[in-house]
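Work through the exercises below with the structure open. Each task is followed by a solution in steps.

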Amino acid sequence: MKRLFNCMAASVLFFAAALSFAACGEGGGKPMNPSALPEISEITDLTDDRYVNLYGRNFYNDGLEGMTFVNSASGFEVRFSGTRLTMRVQIVTSGAVGYDKSMFSVFLDGETDSNARILEMPKTIGAFETHVVAEGLEEGEHTVKVLKRTPSNRERCIVGSISTDGTFLAAPPTPEIRLDVYGDSITCGEGVMREVTYQESTGKYIDSAVYTADTQNVFESYAGFAARELGAELRVFGRGGIALKYKRPSDDFCVMNNYRSMAVDLSVERGECPEYDYTSWTPSAVVIYLGTNDYNIGRAYPQVGYSSNGMTYAVVQFINEVIGPNYGKQIPVFLCSNMMVPDSGLDECMEEAKRILSAEYPNVSAVKFAPGITAPGGHPVVGESEVAGKLLASEIKKTLDSLA
């Protein structure tokens, strides 16, 4: 039987009073009588929202017989009574750009540190393996959230089942604030944890330029920090190198022509995933941080015809064709720029897009971040991402408070 879970709950961590990355559906969870739930120790259908909160644009893979988690910050959350949690999973890498392992952050009982418990799983194409998520816990009730740190173009995680040595309980409540974020490597936190040191003799920063699964962490990006500040659910659609409009000649997709997919590199037309149903989940605010790769592609490939005016109207087009029709024109929208290629004029593009849109979208804002220390061209590191994330969170909070 074909099961599709077209819920786009992009994960963010569950920060006890802060970063909660929630499941599909409206915030606050689903009231139910816990005593009415059957006592089970294994969940084989992860779409069962009585027991499971899902995060991200996820879908059931019939051929591999498991729930597919591909986007950054996607994953699941369960509550159980017991001392141990395991899952059956296989990791499928994504071609030449894939890693030989997948990395997830595990949040136990309201923990907030995305680096405290890291689950590393090697690729297991064609075979499910059982991995321990948590063990040696005190006997009693526990909540565990398992969220993907790495972006969609690196690997896919297919979960066949989740098991405990005790019994599963009703899924916990979900956050009230929900952020829908469209972005590239800056949003996904690629290389955000790499080493960058200051060299006093030269007065310059030395960038290690190490981009591996170990240095990536979406929860240390500006988007992760913003969600943490707001106590919000974070979902991410995008990955490193992706553009809003201006594709490389060799690229299959950009966000503008593939936003209906479950992940930016998967094709609905080729049968690689189902089409995403925008009616399945409603965000509190939309964040867009795209354009860096459009600008870089325009410099590298003059034949694509990049222009600042074209970039501005690509943003306007995306809001008019995607955000407005699906979420309404009152939705708060935040157009971000400037952490990389600060001299590109993208901040002016976002300001102009805001001006054009504001007549019909009264809650659109432009947010200009401080440029990174490794600019031009260097990806933000953790400290820079935290500053940017707090700025964005402040702007989102002001808007949401004004609408309350």
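**Exercise 1: the nonpolar cores**

In this predicted model, the largest nonpolar core holds 44 residues, and those with the most contacts inside it are Tyr182, Val255, Ile288, Met311, Phe318, Ile323 and Val333. Find which elements supply this core, and trace the contacts of Phe318.

Step 1. At least two residues of the core come from each of strand 18, helix 4, strand 19 (333–337) and helix 5. Helix 4 gives the largest share, nine residues.

Step 2. With neighbours within four places in sequence set aside, Phe318 touches Tyr182, Leu244, Val255, Met256, Tyr259, Ile288 and Ile323.

Step 3. Another core, of 31 residues, lies apart from this one; among its members are Val236, Tyr289, Val367 and Ile396.

**Exercise 2: salt bridges across the sequence**

Locate the partners of Glu141, Arg154 and Lys368, and state which parts each pair ties together.

Step 1. Glu141 and Arg79 form a salt bridge (3.0 Å, N to O). Glu141 lies in strand 11 and Arg79 in strand 6, so the pair ties together parts that are 62 residues apart in sequence. Glu141 is exposed, at 55% relative accessible area.

Step 2. Arg154 pairs with Glu190 (3.1 Å, N to O). Arg154 sits in the loop between strand 11 and strand 12, and Glu190 in the loop between helix 1 and strand 15, so parts 36 residues apart in sequence are tied together. Both residues, Arg154 and Glu190, are buried.

Step 3. Lys368 bridges to Asp347, with the closest N and O atoms 3.1 Å apart. Because Lys368 is in strand 20 and Asp347 in helix 5, the pair ties together parts 21 residues apart in sequence. Asp347 is buried, with a relative accessible area of 12%.

Conventions
Residues numbered from 1 in each chain as written. Predicted model: local features only at pLDDT ≥ 70, side-chain atom pairs only at ≥ 80, totals over all residues. Heavy atoms only, no water. Core = buried A, V, L, I, M, F, W, Y, C linked by side-chain atoms within 4.5 Å. Buried < 20%, exposed > 50% of the residue type's maximum accessible area, 1.4 Å probe, protein only. Helix = DSSP H or I, 4+ residues; strand = E, 2+ residues; numbered from the N terminus. Contact = heavy atoms within 4.5 Å. Salt bridge = Lys/Arg side-chain N within 4 Å of Asp/Glu carboxyl O.
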